[in-house]
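Let's take a walk through this one together. Have the model open and turn it as we go.

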Amino acid sequence: MNYRNEPSQSRQQQVFTVTRLNSAVRMILEQDLGLVWLTGELSNLAMPSSGHWYFSLKDMSAQVRCAMFKGNNRRVAFRPQDGMQVLVQARVSLYEPRGDYQLIIESMQPAGDGVLALRFEELKRRLGTEGLFDEGRKRPLPREPRAVGLVTSATGAALHDMLTVLRRRAPDLPVFIYPTQVQGSAAIGQIVSAIALANRRAEVDVLIVGRGGGSLEDLWCFNEEAVARAIAGSAIPVVSAVGHEVDVTISDFAADLRAPTPSAAAELVAPDQSARAQRLAHLKQQLLQAMNRQQTAARHDFILLQKRLDHQDPKRRLEQQSQRLDELSARLQQLMNHKLHQGERRLANLELRLQGKSPERLLAVGKRRHQLAEERLHALIAKRRDLADHRLAMLSARLDGVSPLATLGRGYSITRTQSGEVISRAAQVDAGQTLVTQLAEGQLRVRVEEVHQP
């Protein structure tokens with residue numbers, strides 16, 4: 001006899017215990033969903049003595065309980081608080097004893113920077129896979145650039161720093177500035193356009209693209225794909241100089257070279273004139289040494305040939321021996337004189353050393369140095385005053401040369417209508433019309449008798 005409330009044998013095989021059900025659901029959640037990224041607001045944050053963190057993550061419509069064990073929360077670089085927006089990476093799981101659905105948090109970061117960091121890593125991975133950052137495509141910077149281009153803000157401190165370094169290291173090096181915004185969404189297109197403009201003009205050999213320091217949001221335009229592709233596609237080698245040494249952007253990977261700061265970028269591209277002078281001096285020294293070696297070798301060959309010739313002449317050998325005897329006699333006499341006067345020289349040296357330590361002599365030397373310095377100062381002042389007077393005279397002459405009054409003084413005049421219109425063609429006037437003629441000194445009121453057109 002069968003009863004409706006008695007389960008069949010097949011139905012009995014599908015009966016779960018609560019423990020088994022919770023375990024099965026936990027495994028399904030963890031295996032099927034894996035790691036997920038999500039953002040939300042922290043709520044009900046608890047930090048017991050065990051070191052684990054327990055909290056809820058919520059948005060406007062829902063919330064979910066979370067647990068972050070101490071092995072993971074030790075890597076969190078900030079102090080979380082209720083109400084804080086965060087970005088987390090988590091495993092979807094189930095707390096079996098209560099049957100509560102929850103998230104096991106693997107990592108946590110502030111939501112603003114976290115989202116940007118996630119976008120940064122994704123773009124870096126994608127462009128890197130594409131080969132945009134390969135070292136094989138990067139070009140060396142020119143050792144002696146004919147001109148340098150700066151793609152940066154026209155009003156930023158980074159421009160001032162780079163110009164200061166370039167003037168110090170290479171004052172004769174031409175610098176072209178391609179001004180652009182370096183912050184905000186509008187900066188993306190402007191930076192791309194500035195790089196394209198520099199490539200079209202082809203007036204520089206190297207480009208510095210960058211700005212000074214700031215927050216991650218301030219520097220974000222240099223993490224955009226369009227800017228990275230413009231830098232990588234530039235025919236002109238590009239140095240990326242964004243922010244401070246700790247700041248890293250996508251532009252740094254796309255550029256041919258990364259500089260830690262804008263000032264360091266200017267140091268890298270500008271040839272140091274002192275180093276160039278040292279290099280030229282070194283080459284000159286090598287040339288002189290080579291010439292001296294050739295001269296020494298030629299002189300040595302000549303002496304060898306001369307000695308061979310002298311050895312074959314008996315008269316010459318006799319003369320040499322006689323000369324040698326005279327030299328030995330002279331040396332003997334010199335030695336005797338040296339011994340005789342050695343004591344006198346030593347006494348004289350001691351006397352000179354004593355005189356050199358005299359306070360009166362030291363005072364006289366100091367006065368002479370002061371006098372020479374004063375004379376040089378007066379001469380320098382006079383020279384600079386003469387140069388200033390000469391330049392003023394030249395500028396006055398140039399101003400006088402382009403003055404309209406000087407032109408009138410050479411006999412020319414300017415004729416106008418009574419309304420002030422300058423007459424340059426006969427067709428502008430009619431017979432009988434009254435005109436005003438401006439001379440170097442004074443004016444004439446004239447009447448047109450006849451008009452002759454070409």
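Before we start, one bit of vocabulary: a residue counts as buried when its relative accessible area is under 20%, as exposed when that area is over 50%, and as partly exposed in between. Keep in mind, too, that this is a predicted model.

Start with the sheet. It's an open one of 5 strands, in the order β7-β6-β8-β9-β10, and the pairing is parallel. The edges are β7 (175–179) and β10 (257–258), each of which pairs on one side only. Look at the β10 edge: strand β9, residues 238–242, pairs with β10 in the parallel sense over 2 bridges. If you want a spot to zoom in on, S240 has R258 in β10 as its bridge partner.

Now bring in a helix. Helix α6, residues 185–201, lies across β6 (148–152), β7 and β8 (206–211). Relative to β8, helix α6 runs at about 165°.

Next, the aromatics. How many aromatic pairs does a search of the whole structure find? Just 1. That pair is F133 with F253, and it's tilted, with 5.5 Å centre to centre and 35° between the planes. The two rings come from distant parts of the chain, 120 residues apart: F133 sits in the loop between α4 (111–130) and β6, while F253 belongs to helix α8, residues 250–254.

So is each of these rings buried or exposed? F133 counts as buried because its relative accessibility is 14%. F253 has a relative accessible area of 25%, so F253 is partly exposed.

Technical notes:
Residues numbered from 1 in each chain as written. Predicted model: local features only at pLDDT ≥ 70, side-chain atom pairs only at ≥ 80, totals over all residues. Heavy atoms only, no water. Pairing = 2+ DSSP bridges. Helix = DSSP H or I, 4+ residues; strand = E, 2+ residues; numbered from the N terminus. Contact = heavy atoms within 4.5 Å. Axes fitted to C-alpha atoms, helices over the stretch in contact; angles between N-to-C directions. Phe/Tyr/Trp six-rings, centres within 6.5 Å; stacked < 30°, edge-to-face > 60°. Buried < 20%, exposed > 50% of the residue type's maximum accessible area, 1.4 Å probe, protein only.
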